[in-house]
Amino acid sequence: MAGNMRLLAVLCLISLCLSAYGRAAAVAPIKLDAHRSAALEAFVPFDGSFGGLEETYEALRTYQILGLDKGADIRHATCPLVLESLSSSSSSLKDIFDSLRVNTILQCKIDANKIKVSFSRCQWHFFILIYSVDATSLVDLYLAVESMLLIKEEGFTVVPGDTDGIFHSIKSFSQSDGRWRYSANGGEGSTYAAGLALEALAGVISLSTNEIDQSMISIVKNDIVKLFDIIESYDDGAMYFDEKQVDAREYRGPLSTTSSVIRGITKFAAVASGKLDIPREKIVGLAKFFLSIGVPGNAKDLFHQVDSLSYLENNRVGVPLIVSLPGAALSLTSKDQLKVKVTTVFGTRAPPLTVKLVQALDSDSKNIPALEDKELNFDAENLVHSLDIVSLNVDMGKYSLFFKILLHESEHESIYATARSVQLPLVVMGLLKIDGLEIAVLDTDVTETQKSKATMLDLSKENAVSLSASHLQKLSLTFQLTTPLGHVFNSQQRFLKLRHESKVEHIFLVGRDDRRFKIVLDFLGLVEKFYYLSGRYEIELTVATPARGPEKAARPPPQPVDAYLRFGPKAEISHIFRAPEKRPPKELSVAFLVLTLLPLLVFIVGLLRLGVNLKNFPSSAVPALLAILFHVGIGAVLSLYVLFWLKLDLFIALKALAFLGAFLVLVGHRTLTHLASTAAKLKSS
């Protein structure tokens, strides 16, 4: 490789990627704009309807929570379906329940007399179901109670009867571990069924005109505490419920199961007296589970997420407060401040509180805190808590921040749920300094430790250096990275890029030796990788993020093609062939031919002189022909042996020999038969 090389060193802002930092996952309140767009894409009406009444309710409920007014667009197509379902005597409990739920949102204009008759029919049907000995399905009881509650909310009088008996009937489906069965005839317990049962019990309490037995309510509260004993969690603190050993036909995923439990618990807590003894950390963990999903990709998951978060936003168990970082990466160069935001799951302002930074652990510090016990200042105008980390001499790196939330008012502690400790990841960025940058061109037989003419570069000054190297030499580059506070920085990825003047780039990974980074390029072994391109190269040093991988070297760019040169007439090719070899005279060649035929003549004369007996050779035409063919066949076999020795393989020789052998047997047998017959006639005569 000949030519000059010009060094272009690039100082880059180090950005350590959060995706490669998995010790703590940051969650943030729901983004209404993103979820509204997702809802409009997930719930798309066809001819003014979303399909079934259940899908219609999920779409309308999602729109309602997100503040999208789409009821008028589908009211004209959905309300007739609601009226038909409520008026038909053949409608199932599920259809009536879904119709009532849709009607609570759309407020369809239904004739009062017709709806009163249908409501009366439904109420009588529910009354028979609840008191029937055949009422063995928890789902049917849930649908019956919830439908009666919806009827009551429409302004109609509902007579539930013995609510204590109904409460006991539903309670009979419970298990000792907090889960509930679908059938009274036995079966496995289900976490999803527990949510349905708690909703039904909350409906019974709402329908009851008398106070429910408090001992039964206390038992249900104890079941709820047991249910939270089987909650599952992730490393980042997110918690969720899942089914265990449930029939495949009844299995629901973690999202659906957790949503059912949240609806049941919040509805039961809203109507039951007293408080539920549920750890506040688990309420915050449930909120983290739904927020960590981001924006779900399908309509069903989107409904479960938004619906569950709406119940967590306003409930009597505890409204979870979410601690988030508006900026997960800070720049020391820009003197950014650490900002913390505390809101509810939908971004509602939190009550008066104090945010304390308990400690900040650097990922490379081996659990030695970089900061401890710092109280953040509250900005009432922007509603954020901030801390100036530049003045605290925080260096570049990845940190785990541990926060503690302290509510100012004691009564708020019973309303809001906060975690004892909140862990969030933070990346502190800055300008790296390249110290001790040393570049040298070495001969092949000179080791890197024996170099004497090395060039030291100070990148704080605008200087450049030109180097010249051949393909028999090597390029050596060593440097060290330091942070703004003068500490040695251990970058995970470093790349050296050589860019040819034809825009072809070659990238090499820079290794590490002790506390310095170094690379030695042996051009002799890289000639093929450089595509044999000599000329001017620019050298660029890049310190990249862990998520950025090395690029592949590009092929040489295509050269412009002249159509005339490609498709026009080709130039005449003048080629000098090898001169013919000198041959012997013609007379000598003829003499050599005679000499090659002479042994054959000698052979024939020798046979005659030896007195070969040819008297028994057949004289008649057919036997003579057979005898001649027999001798020709023997000669062919001998010739085959010669060919096999010279060029033929075994398989071809065997195939030919099989044919010749059969031919010889045939003609030889006929010839010998003729000779034997002739000899017998001579003896008899």
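A disulfide is a pair of cysteine sulfur atoms within 2.5 Å. Keep that in mind, since the tour starts with one; and remember as you click around that this is a predicted model.

**Stop 1: the disulfide**

How many disulfides does a search of the whole structure find? Just one turns up. Select Cys79 and Cys108 and show their side chains: the two sulfur atoms sit 2.1 Å apart. That is within the 2.5 Å cut-off, so the pair counts as a disulfide.

Now colour by secondary structure to see what the pair ties together. Cys79 belongs to helix H3, which covers residues 71-87, while Cys108 is in the loop between helix H4 (93-106) and helix H5 (112-131). The two cysteines are 29 residues apart, and the pair links distant parts of the chain.

Zoom in on the S-S bond next. Why is this disulfide called left-handed? The torsion about the S-S bond of Cys79 and Cys108 is about -80°, so left-handed it is.

Turn on the surface, too. Are these cysteines buried or exposed? Cys79 has a relative accessible area of 12%, so it is buried. Cys108 comes in at 10% relative accessibility and also counts as buried.

**Stop 2: Gln107 and Leu106**

Step back along the chain to Gln107, in the loop between H4 and H5. Look at its backbone: phi is positive, about 55°, although Gln107 is not a glycine. Gln107 is partly exposed, with a relative accessible area of 48%.

Then pick Leu106, which is found in helix H4. Leu106 is buried, and its relative accessible area is 1%. Add Leu60 to your selection and draw a distance between the C-alpha atoms: Leu106 and Leu60 are 8.3 Å apart in space, with their positions 46 residues apart in sequence.

**Stop 3: another positive phi**

Jump to Lys503. You'll find it in the loop between strand E21 (493-500) and strand E22 (505-509). Lys503 isn't a glycine either, yet it has a positive phi of about 75°. With 65% relative accessibility, Lys503 counts as exposed.

**Stop 4: a nonpolar patch**

For the last stop, select Leu600, Phe603, Ile604, Leu607 and Leu608, and show them as a surface. Which kind of surface patch do they make? Together these residues form a nonpolar one of about 500 Å². Click on Ile604 to get your bearings: it lies in helix H14, residues 586-610. Ile604 is partly exposed, at 43% relative accessible area.

How values were computed:
Residues are numbered from 1 along each chain as its sequence is written. This is a predicted model: local features need pLDDT of at least 70, side-chain atom pairs count only at pLDDT 80 or more; totals for chains, interfaces and linings use all residues. Side-chain values use heavy atoms; hydrogens and water are left out. Helices (H or I, at least four residues) and strands (E, at least two) are DSSP runs, numbered from the N terminus. Buried means under 20% relative accessible area, exposed over 50%, partly exposed in between (1.4 Å probe, protein chains only). Patches are made of residues with over 30% relative accessible area and no salt bridge: like charges are joined within 9 Å, nonpolar side chains (Val, Leu, Ile, Met, Phe, Trp, Tyr) within 5 Å. Accessible areas come from the Shrake-Rupley method with a 1.4 Å probe; for residues, only the protein chains shown count as cover. A salt bridge is a side-chain nitrogen of Lys or Arg within 4 Å of a carboxyl oxygen of Asp or Glu.
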